[in-house]
Amino acid sequence: SGAAFVGHLPELVEWTLDLQTKTCVERRVCEEAVEFHALHPQFAGRRQKIVFASTVAVAHQKLRGAPHFDGVARIELETGKMVKHELPEGTFCGEWSFVPRGGSKLDEEGGWLVGFTHTEGEDHSEFRIVDASNLAAPPVARLQTPGRVPYGFHGMWLPQK
């Protein structure tokens, strides 16, 4: 039914563990509900400045009683500042994957975010490619799929080599 998800919206939090005192300090990073974080794979397990995450379509979710996501956001972990790539009204997504841009410069935003979107009432989905360094811009590409990709479809990007 999704009731638990609607009753408690997902939060992006940071936990700081102190092994000496055996304590944990929790800090909410941003005020908006987000889920399914994505990051440059070269930064996994390292200190990061930013993270990307799907944004929760709170009003639609409460109406339907099930998780819905209406875009992807870039979130600064120190300040919680967000920049969003918002989908058109009635279009929803799942999780996004980060695809690194080739080259020698290691940059947390150096790549693209890819994900499937679906517009309610249509019988197909789109595979969207968004420039991770400019989420406010239109998508780099939108590729229509021959059929609908269901919400909750999970994936990850793996290079060919």
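**Close-up views of a predicted model**

**View 1. Q61, a buried residue in helix α2.** With a relative accessibility of 0%, Q61 counts as buried, and the cut-off for that label is under 20%. This is a predicted model, so keep that in mind for every view here. Q61 sits in helix α2, which covers residues 58-64. Also worth picking out here is L9, which comes 52 residues away from Q61 along the chain. Their C-alpha atoms are separated by 9.8 Å.

**View 2. The protein chain as a whole, before zooming in further.** Let's step back to get our bearings. The protein chain carries 2 helices and 11 strands. Starting at the N terminus, the order of elements is α-β-β-β-β-α-β-β-β-β-β-β-β. The radius of gyration is 17 Å, close to the 15 Å that the globule rule gives for 161 residues, so the protein chain is as compact as a globular protein of that length. Laid along its principal axes, the C-alpha trace spans about 55 × 45 × 25 Å. As for burial, 38% of the 161 residues count as buried. If you take the contacts in the protein chain with a separation of 6 or more, 47% of them join residues 24 or more positions apart.

**View 3. The surface and charges of the protein chain.** The accessible surface comes to about 10000 Å². Carbon and sulfur atoms own 54% of that surface. On the charge side, there are 17 positive and 21 negative side chains. The centres of these two sets lie 5 Å apart.

**View 4. The largest nonpolar core, with V72 among its best-connected members.** This core has 15 residues, and those with the most contacts inside it are F52, V72, W96, L113 and L135. Strands β4 (50-56) and β5 (69-76) each bring at least two residues to this core. The largest share, 3 residues, comes from β4. Now follow V72 outwards, skipping its neighbours within four places in sequence: V72 is in contact with F52, A53, S54, T55, V83, K84, H85, W96, L113 and L135. Apart from this core lies another, of 10 residues, including C30, V51, L77 and M82. As a rule of thumb, nonpolar side chains tend to be buried together in soluble globular proteins.

**View 5. I50, a buried residue of strand β4.** I50 lies in strand β4, and with 6% relative accessibility I50 counts as buried. Setting aside neighbours within four places in sequence, I50 makes contact with R74, I75, E76, L77, E108 and E109. T79 is worth finding too: I50 and T79 are 29 residues apart along the chain, and their C-alpha atoms are separated by 9.8 Å.

**View 6. H118, tucked into strand β9.** H118 belongs to strand β9, which runs over residues 111-119. A relative accessible area of 4% makes H118 buried. Which residues does H118 contact, leaving aside its neighbours within four places in sequence? They are G90, T91, F92, H124, S125, R148 and Y151. E76 is another matter: H118 and E76 are 42 residues apart in sequence and 27 Å apart in space, C-alpha to C-alpha.

**View 7. W15, an exposed tryptophan in strand β1.** Is W15 buried or exposed? At 57% relative accessibility, W15 counts as exposed, because the bar for that label is over 50%. W15 has its place in strand β1. Not counting residues up to four places away in sequence, W15 touches C24, V25 and E26. For a long-range pair, try W15 and D131, which are 116 residues apart along the chain. The C-alpha atoms of that pair are separated by 29 Å.

**View 8. K22 and F36, two residues with positive phi.** Neither of these is a glycine, and each has a positive phi. For K22, phi is near 60°. K22 lies in the loop between β1 (13-18) and β2 (23-28), and its relative accessibility of 75% makes K22 exposed. For F36, phi is about 55°. F36 lies in strand β3, residues 34-38, and F36 is partly exposed, with a relative accessible area of 28%.

Conventions:
Residues numbered from 1 in each chain as written. Predicted model: local features only at pLDDT ≥ 70, side-chain atom pairs only at ≥ 80, totals over all residues. Heavy atoms only, no water. Helix = DSSP H or I, 4+ residues; strand = E, 2+ residues; numbered from the N terminus. Buried < 20%, exposed > 50% of the residue type's maximum accessible area, 1.4 Å probe, protein only. Rg over C-alpha atoms; globule rule 2.2 N^0.38 Å. Contact = heavy atoms within 4.5 Å. Areas by Shrake-Rupley, 256 points an atom, 1.4 Å probe, with all protein chains shown as cover. Lys, Arg positive; Asp, Glu negative; His and termini not counted. Charge placed at Lys NZ, Arg CZ, Asp CG, Glu CD. Core = buried A, V, L, I, M, F, W, Y, C linked by side-chain atoms within 4.5 Å.
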